[in-house]
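Please open the model in your viewer and keep the sequence beside it. The tour below goes from one selection to the next and says what is there.

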Amino acid sequence: MKSTVFKLIWFEFPLTKAVYAYLAYSNPVKVNNSLLPVSLLLLIIGFITCTVSIILSKKIYKKSFYENKIVKTFFCKPNSDEKTTIFGLFAAMLGLAETAALFGFVQYIITGNLIVGIILFAFCFIAWLFNYPKAIENGGKLD
């Protein structure tokens, strides 16, 4: 995988958030900022997924992490190279960040709580910033 592919995917990531924002804006929902259990549950899950994404965003480029048996078992094919494994991990970390924005959108449509939706979108963008593609450990490059 070329580093340009990683960066292209990273730069295009906010497009889905723009789609969520447009759909929320175009769907007339009565704003109700009371904290319902559904809003609280989705807020907690979104916060946890973004925190995991931020914590693991630095580790996915370290050889000791991506050659771990657990990572090899769940995130890559048996004989895949390191760049393919890192790409799978990179996509998974972006996916974890994406869940916060998706949960924010869904809970806004269900409950009308705009504040929780904005908080979840903010978590998503913070996790997105932390997931900027980096070079592989030991001076290697993604190119």
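Does Glu98 count as buried or exposed? Select Glu98 and show its surroundings: with a relative accessibility of 14%, Glu98 counts as buried, where buried means under 20% relative accessible area, exposed means over 50%, and partly exposed lies in between, for a 1.4 Å probe and protein chains only.

Before going further, keep in mind that this is a predicted model, in which local features need pLDDT of at least 70 and side-chain atom pairs count only at pLDDT 80 or more, while totals for chains, interfaces and linings use all residues. Residues are numbered from 1 along each chain as its sequence is written, and side-chain values use heavy atoms, with hydrogens and water left out.

Now add Lys17 to the selection. Glu98 and Lys17 form a salt bridge, their closest N and O atoms being 2.4 Å apart; the term stands for a side-chain nitrogen of Lys or Arg within 4 Å of a carboxyl oxygen of Asp or Glu. The pair links distant parts of the chain, since Glu98 lies in helix 6 and Lys17 in helix 2, 81 residues apart. Lys17 is buried too, at a relative accessible area of 2%, and by the rule just given the count comes to 1 salt bridge.

Next, colour helix 2 (residues 14-26) and helix 6 (residues 82-111), whose axes come within 10 Å and cross at roughly 5 degrees. The two helices are therefore roughly parallel to each other, a label for angles under 35 degrees. Among the residues making this contact (heavy atoms within 4.5 Å) are Tyr20 and Leu23 of helix 2 and Leu102 and Phe105 of helix 6. By class, the contact has 7 nonpolar, 1 polar and 2 charged residues.

Move on to helix 3 (residues 37-57) and helix 7 (residues 114-130), where the axes come within 9 Å and cross at roughly 10 degrees. This makes helix 3 roughly parallel to helix 7. Residues including Leu43, Phe47 and Cys50 in helix 3 meet residues including Leu120, Phe123 and Cys124 in helix 7, and the residues of this contact divide into 13 nonpolar, 4 polar and no charged.

Finally, zoom out to the whole chain, which has 7 helices and 0 strands, both taken from DSSP runs (H or I of at least four residues for helices, E of at least two for strands) and numbered from the N terminus. Of the 143 residues, 36% count as buried, and the C-alpha trace spans about 50 × 25 × 25 Å along its principal axes.

Technical notes:
Axes are lines fitted to C-alpha atoms, for helices over the stretch in contact, and angles run from 0 to 180 degrees between N-to-C directions. Angles under 35 degrees count as roughly parallel, over 145 as roughly antiparallel, 65 to 115 as roughly perpendicular and the rest as oblique. Ala, Val, Leu, Ile, Met, Phe, Trp, Tyr, Cys and Pro count as nonpolar, Asp, Glu, Lys and Arg as charged, and the others, Gly among them, as polar.
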